[in-house]
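This report describes the overall build of one protein and then turns to a single position in it.

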Amino acid sequence: MLIAFVSLQGSPGVSTAVSALTWVWPRHAVMAECDPTGAQALDVFDPDGSHGRPSVFEVLAQARSMPLHRAMSSQLLVLPDGTARHQVLPGARSPQEAESLDWRRLTDLFVELETVDVLADCGRVRAGGAPYAVITGAALLVLVVTNSRSSLRKLASSLEVLREETGRAGDDLALLVVDPDPRTHQRFPHREIADQFAAEGVPMAGWLPWDPAGAAQFTNLHRPGRRFETSPLLTTARKAAEEIGRRAVRHVR
């Protein structure tokens, strides 16, 4: 099952959101870094390079001499969550490298994996080199939006165009709201946001809290403390993961 995650502008929290969801995903899951602006997982989870330089680019290079699914397996980095069921496929090292990838072939691979759910961080949906094959091929497309007036307004005004660009005509689209720093942004009640976008045919699948300490474990060097597993970010992400997974299953082709 393939689930794609995007934002409209600047990818506010997409990578952190997908990382957190993969960490708590109830099934075997792979976070695929498909954002054309570059990867960050290796800097977070393997800063000393002990696992070499695995990447989505190397998957296709290795596939010249072995089956594609084996090539992917050789490039996965296991997340240190203690389950051995959650992994990362590091992304391209540059936009130029991302543009050279056969995203259609990779999408077919992601979709064909029967026992693994692929959570694809696709970054900004309108960025140059955006992996549209992944975005359009996913069972569910999750829009990650900041809980702020400007971000919500931008999303509401762009929904029709976004549906056309991504081929989403039904309810195979969902919303994930990320709360910003309350000191700098006015935040809206989640129920109010859910009602607004439900009227537009986009259900809200969950939200993630403002938790800079928890988020730092997915954006900076991963050195979690004892309270990481019960952090607000992961506690809320577990609920969102269940709902996103439930909605995605409905649209598996």
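## Overall build and one loop residue

Buried residues, meaning those under 20% relative accessible area with a 1.4 Å probe and protein chains only, make up 55% of the 253 residues in the protein. This is a predicted model, in which local features need pLDDT of at least 70 and side-chain atom pairs count only at pLDDT 80 or more, while totals for chains, interfaces and linings use all residues. Residues are numbered from 1 along each chain as its sequence is written, and side-chain values use heavy atoms, with hydrogens and water left out.

The pLDDT, the predictor's confidence in each residue from 0 to 100, averages 92 for the protein, and 98% of the residues score at least 70. The two extremes by element, with helices (H or I, at least four residues) and strands (E, at least two) taken as DSSP runs numbered from the N terminus, are tabulated here.

| Element | Mean pLDDT |
|---|---|
| Helix H5 (residues 95-99), lowest | 87 |
| Strand S2 (residues 29-33), highest | 98 |

In total, the protein has 11 helices and eight strands, and its C-alpha atoms fill a box of roughly 50 × 45 × 30 Å along the principal axes. Of the contacts (heavy atoms within 4.5 Å) between residues at least 6 apart in sequence, 79% join residues at least 24 apart.

Asp 172 is placed in the loop between helix H8 (149-166) and strand S7 (173-178), and it counts as buried because its relative accessibility is 13%. Beyond its neighbours within four places in sequence, Asp 172 is in contact with Ala 139, Leu 140, Leu 141 and His 251.

Definitions and conventions
Buried < 20%, exposed > 50% of the residue type's maximum accessible area, 1.4 Å probe, protein only.
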